[in-house]
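Student: I would like to go through this structure with you, one question at a time. Could you walk me through the reasoning behind each answer?

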Amino acid sequence: MKAVAVFPQSRELRVIDDHPEPKISAPTEVKLRMLEVGVCGTDKEICHFDYGTPPNGSDYLVLGHESLGEVVEIGPGVTSLKPGDLVVVMVRRPCEEPGCVACRAGRQDFCYTGKFKERGINQLHGFMAEFVVDDEKYMFRVPPELRGIGVLTEPLTIAEKALREVNNVQLRLPWACPVEPGKPREFCHNAVVLGAGPVGLLGAMALATSGFKTFVYSRDEKPNAGSDFVEKIGGTYISSSTHNIEQLAEEVGNIDLVYEATGASKFAFDTLRVLGTNGVYIFTGVPGRKGPIELDTDTIMRNLVLKNQVVFGSVNAGRDAYTGAIEDLAKFEQHWPGAAASLITGRYPITDASKLACQGVGGIKNVVAINQ
Ligand SMILES: [Zn+2]
Ligand SMILES: [Zn+2]
């Protein structure tokens, strides 16, 4: 069958048509016909051979980790899925170390050993193939009405996991917004999203949905596709070319949360300087190593202490974040019909996968449409 393969040795990325079609080999396995696979910065890194490891014994890795497939066959022990169901597949698989309490508890997104595997990234073939087989425990059913945006589930899980962590962290203090009987709930917390790429804009939707007054701070001057989108979902777009960090802070008020989604470390740490009282700062970007930068560490450290701040990083996601992402996609459709779909700016045939992953074609989120 056809698949998009990365050959790190010969530094090639191309469509192959002789990738063996996977078969169900255990009772709880499910076979999917892949519909769509999203492309992101991780694929770009793999394309530039900075990242990505083929499975043992294979000289190539099948690319793709942002999935949407349709069930075509189920093993005799499968109870949660049936043919015709739409499904998103989890990316990370647990390590095998008996002492890794995170993986042993099914929370491989918090793996201690780093010996986890990831489909389409690290030692397991990905989803840019005509068919995929995996265990039902790594699959999440997507309602048919979300067929057009289900492929956004995986990139949305980043924000979903982060928000779950924020809710846990903020149990440390009185955090719930006051509710006046008979009145609609007032939103009392301000969130700033750094970056207007797909992770940032999906994060903005998740934050707005869970009650934050949401600001997106990004480089490009408005109007642009990102600023139009932010306004459509009731947020405020602020450009760093017209507002410096201090002006951002003035405009927002107390910054209760920062959701960093740029991978630009200088920009990110400069914003940490204006995090508000009792604020939480979440890093999700992975910067390249560009050398030391100058930082106002005295201000940052003073604020961390005197304003009770918390900073954490977050990667990958557990089952709760996947199911939460699917629920939130449905809420997004209710709140802002068609908005999530507008993040998908292009659908391309599998033959364009290398152009999408390696060069990029502009737009917000581009998707390889594998089957119709
Ligand atoms: Zn991705
Ligand atoms: Zn582990």
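Student: In the open sheet with the order β2-β1-β4, which strands stand at the edges?

Tutor: This is a predicted model, in which local features need pLDDT of at least 70, side-chain atom pairs count only at pLDDT 80 or more, and totals for chains, interfaces and linings use all residues. Residues are numbered from 1 along each chain as its sequence is written, chains are lettered from A and ligands numbered from 1 in the order in which they are written, and side-chain values use heavy atoms, with hydrogens and water left out. The 3 strands of this open sheet pair in the antiparallel sense (strands, E, at least two residues, and helices, H or I, at least four, are DSSP runs numbered from the N terminus; two strands pair if DSSP finds at least two bridges between them). Two strands here have a single partner strand each, so one side of each is left without a neighbour in the sheet: β2 (12-16) and β4 (61-62).

Student: Which residue of β4 is the bridge partner of Ala 5?

Tutor: Strand β1 (residues 3-7) pairs with β4 over 2 bridges, in the antiparallel sense. In β4, the partner of Ala 5 is Val 62.

Student: What stands opposite Arg 93 in β8?

Tutor: Another open sheet of 3 strands has the order β7-β8-β9, with mixed pairing. Its edges are β7 (92-93) and β9 (123-124), each with a single partner strand, so each has one side without a neighbour in the sheet. Strand β8 (residues 117-119) runs antiparallel to β7, joined by 2 bridges. Opposite Arg 93 stands Lys 117.

Student: Over the face of which residue does Arg 93 lie?

Tutor: A charge sits over a ring if NZ of Lys or CZ of Arg is within 6 Å of the ring centre and within 35 degrees of the ring normal. Lys 31 lies over the face of Phe 131 in this way, at 4.7 Å from the ring centre. Arg 93 is at 3.8 Å from the ring centre of its partner, Tyr 138.

Student: What is the arrangement of the 4 donor atoms around the zinc ion (ligand 2)?

Tutor: Donors are N, O and S atoms within 2.8 Å of the metal (3.2 Å for Na, K and Ca), and water is not among the atoms, so sites may look incomplete. The protein donors are the SG atoms of Cys 95, Cys 100, Cys 103 and Cys 111, lying 2.2 to 2.4 Å from the zinc ion (ligand 2), with the spacing C-x4-C-x2-C-x7-C along the chain. Four donors count as tetrahedral if all angles lie between 85 and 135 degrees; four count as square planar and six as octahedral if opposite donors are over 155 degrees apart and all others between 65 and 115, and anything else is irregular. The angles here are 104 to 116 degrees, which makes the arrangement tetrahedral.

Student: And which residues are the protein donors of the zinc ion (ligand 1)?

Tutor: In sequence these donor residues are spaced C-x24-H-E. One of them lies in the loop between β3 (29-39) and α1 (41-47) and another in strand β5 (residues 66-74), so the pair ties together parts that are 26 residues apart in sequence. The donors, at 2.1 to 2.2 Å from the zinc ion (ligand 1), are Cys 40 (SG), His 65 (NE2) and Glu 66 (OE).

Student: Is Glu 66 buried or exposed?

Tutor: Buried means under 20% relative accessible area, exposed over 50%, and partly exposed in between (1.4 Å probe, protein chains only). Glu 66 has a relative accessible area of 2%, so the residue is buried.

Student: Which residue of β11 stands opposite Val 89?

Tutor: Strand β6 (residues 86-89) is covered on both faces, with Leu 86 and Val 88 buried on one side and Val 87 and Val 89 on the other. β6 runs antiparallel to β11, joined by 4 bridges. Opposite Val 89 is Met 139.

Student: Why is the pair of Phe 140 and Tyr 322 called stacked?

Tutor: Rings of Phe, Tyr and Trp (its six-membered ring) pair if their centres lie within 6.5 Å; planes under 30 degrees apart count as stacked, over 60 as edge-to-face and the rest as tilted. By this rule there are 7 aromatic pairs. The ring centres of Phe 140 and Tyr 322 are 4.8 Å apart, and the pair is stacked because the planes are at 10 degrees.
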